[in-house]
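Biologist: Can we go through this one together? I'll ask, you answer.
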Amino acid sequence: MAKFYLFMIVCIYNPTLSLENTCKIVPMSEPFETLNECLDMGKVLKTKLQLEIVNVYPASFCSEKHFTST
């Protein structure tokens with residue numbers, strides 16, 4: 001059985017931040033059943049961040065993880 005996990009990469013343009021603090025990777029803890037659900041949520045979160053925060057540059061990707069039951 002496979003689950004899909006969403007990862008957001010959020011970068012902020014701010015000259016006062018150090019280069020190390022400009023971008024953060026944020027893994028979402030809740031899995032998705034399908035790749036399309038995961039990708040759709042990435043689009044929703046990206047749009048929401050861009051509307052709420054000035055000079056933010058978000059990106060997202062989904063990763064598949066297979067689970068086996070014993």
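Biologist: Lys-3 first. Buried or exposed?
Modeller: In this predicted model, Lys-3 is buried, because its relative accessible area is 14% and the cut-off for buried is under 20%.

Biologist: Which side chain does Lys-3 meet in a salt bridge?
Modeller: Glu-33, with 2.4 Å from N to O. Glu-33 counts as partly exposed, at 45% relative accessibility.

Biologist: Where do the two sit in the chain?
Modeller: Lys-3 is in strand β1, residues 2-12. Glu-33 is in the loop between β2 (23-27) and α1 (35-52). They are 30 residues apart, so the pair links distant parts of the chain.

Biologist: How many salt bridges are there in the whole structure?
Modeller: A search of the whole structure finds one.

Biologist: And how many positive and negative side chains?
Modeller: There are 6 positive and 7 negative, with the centres of the two sets 3 Å apart.

Biologist: Changing topic. What pattern does the chain follow?
Modeller: Read along the sequence, β-β-α-β, that is, one helix and three strands.

Biologist: Spread out or compact?
Modeller: The chain is more spread out than a compact globule, because its radius of gyration is 14 Å, well over the 11 Å that the globule rule gives for 70 residues. The C-alpha trace spans about 50 × 25 × 15 Å along its principal axes.

Biologist: What share of the residues is buried?
Modeller: 17% of the 70 residues. The chain exposes about 5,400 Å², and carbon and sulfur atoms supply 61% of that.

Note on methods
Residues are numbered from 1 along each chain as its sequence is written. This is a predicted model: local features need pLDDT of at least 70, side-chain atom pairs count only at pLDDT 80 or more; totals for chains, interfaces and linings use all residues. Side-chain values use heavy atoms; hydrogens and water are left out. A salt bridge is a side-chain nitrogen of Lys or Arg within 4 Å of a carboxyl oxygen of Asp or Glu. Helices (H or I, at least four residues) and strands (E, at least two) are DSSP runs, numbered from the N terminus. Buried means under 20% relative accessible area, exposed over 50%, partly exposed in between (1.4 Å probe, protein chains only). The radius of gyration is taken over C-alpha atoms; the globule rule is 2.2 Å times the number of residues to the power 0.38. Accessible areas come from the Shrake-Rupley method with a 1.4 Å probe; for residues, only the protein chains shown count as cover. Lys and Arg count as positive and Asp and Glu as negative; His and the chain ends are not counted. The place of a charge is taken as NZ of Lys, CZ of Arg, CG of Asp or CD of Glu.
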